[in-house]
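Q: Please take a close look at one part of this model and describe in a connected account how it is paired and how far it is covered.

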Amino acid sequence: MAGRFAPRPTRTTVRGGETVVPAGPVPAPRRPVAPGKVRVWEPDGPLELGLVLGPLRRGPGDPTFRAMPDGSVWRASLTPAGPGTLRVAARGGEVRGEAWGPGAEWLLEELPRMLGAEDDPSAFVPRHRLLAHVAHRRPGLRLTRTGLVLESLIPSVLEQKVTTLEAYQAWRVLVRKFGEPAPGPAPGRMCVMPSARTWALIPSWEWHLAGVDDKRASTILRAVRVAARLEEAAGMEPAAARARLELVPGIGPWTSAETVQRSHGAPDAVTVGDLHLPGIVGYVLGGDRDADDSVMLRLLEPYAGQRHRAARLVLLSGRGPGRRAPRMAPRGIERL
């Protein structure tokens with residue numbers, strides 16, 4: 001069986017690397033569907049959909065994200081105008097976006113920003129030969145900006161202090177059970193995440209069945225009670241947005257950084273408090289596999305203003321310390 005299946009991406013590789021967009025035949029449509037609204041946009045430089053949109057996927061079974069064999073990427077989002085489904089495909093230097101649902105126009109309006117139109121890769125000046133090589137090899141890396149805070153905040157809270165598999169499973173279970181089907185001809189079982197009110201009404205036992213402990217569930221409940229104020233942060237500078245997010249008990253620097261990296265495309269929002277990232281950055285840039293946050297931040301000092309991009313390039317290099325122990329097994333609190 002060895003070699004028959006590609007390894008599943010982890011949270012670290014997805015956050016810093018890419019979502020592999022398969023190459024293959026275009027699947028036949030399953031049913032006739034009314035055409036959606038269309039926008040064609042031409043980026044001003046190289047663009048790799050897998051690199052740009054990969055951080056938005058929360059595991060291979062994410063109900064809100066799908067990479068298709070024809071090279072397209074589907075996303076289901078809850079926009080300020082309502083639920084919407086977006087299909088993005090890049091061909092011949094152009095990007096074609098097609099959207100369905102009440103949120104279709106909003107998604108198409110935000111399409112260039114989501115694909116990194118406001119990101120400036122030229123602002124990154126490599127100080128390490130390895131990062132210069134990776135940046136040259138992957139010129140299509142742009143930092144996405146979704147303009148949506150809760151859709152990045154809630155799964156980030158679910159990822160606090162647990163294994164990747166536990167967090168991905170919790171997101172998948174809750175979105176499929178309490179979300180709504182994605183509008184339009186979305187691939188099977190795609191869903192739009194629940195509204196703030198729906199999150200607030202999820203019974204305690206449903207959090208438990210999804211494997212979410214009371215601390216993380218309580219943090220999400222506190223956040224959705226002030227959802228409107230948190231969504232306002234999408235129009236703020238990343239530092240101010242992080243400060244507003246961290247006013248909610250249970251949201252700290254790790255969670256706020258993970259959120260604004262996606263909602264704002266923040267190039268300097270480096271993640272501190274991560275279990276693996278300091279060791280990877282320390283090993284690649286300084287040969288120190290035991291590096292902590294302080295060492296990581298010192299190594300990233302030359303990239304002030306672009307530290308998040310530097311960390312992503314480190315992860316894209318494919319280098320890192322070897323494992324010292326087997327991967328931690330999911331604990332499954334629903335079995336207690």
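**A strand between two partners**

A: In strand β4, Pro 83 is the bridge partner of Leu 78. Leu 78 belongs to β3, which spans residues 73–79, and β4 covers residues 82–91; strands here are DSSP runs of type E with at least two residues, numbered from the N terminus. The model is predicted, so local features need pLDDT of at least 70, side-chain atom pairs count only at pLDDT 80 or more, and totals for chains, interfaces and linings use all residues. Residues are numbered from 1 along each chain as its sequence is written, and side-chain values use heavy atoms, with hydrogens and water left out.

Strands β3 and β4 run antiparallel and are joined by seven bridges, where pairing requires that DSSP find at least two bridges between two strands. These two strands form a hairpin, with two residues between them.

Strand β3 also pairs with β2 (residues 65–67): the two run antiparallel, and three bridges join them. Within this pairing, Arg 75 of β3 stands opposite Phe 65. β2 and β3 likewise form a hairpin, here with five residues between the strands. In that hairpin, Gly 71 adopts a positive phi near 90°.

Strand β3 thus has β2 as one antiparallel partner and β4 as another. As for accessibility, β3 is mostly covered, with six of its seven residues buried (under 20% relative accessible area, against over 50% for exposed and in between for partly exposed, with a 1.4 Å probe and protein chains only).

Terms used: Helices (H or I, at least four residues) and strands (E, at least two) are DSSP runs, numbered from the N terminus.
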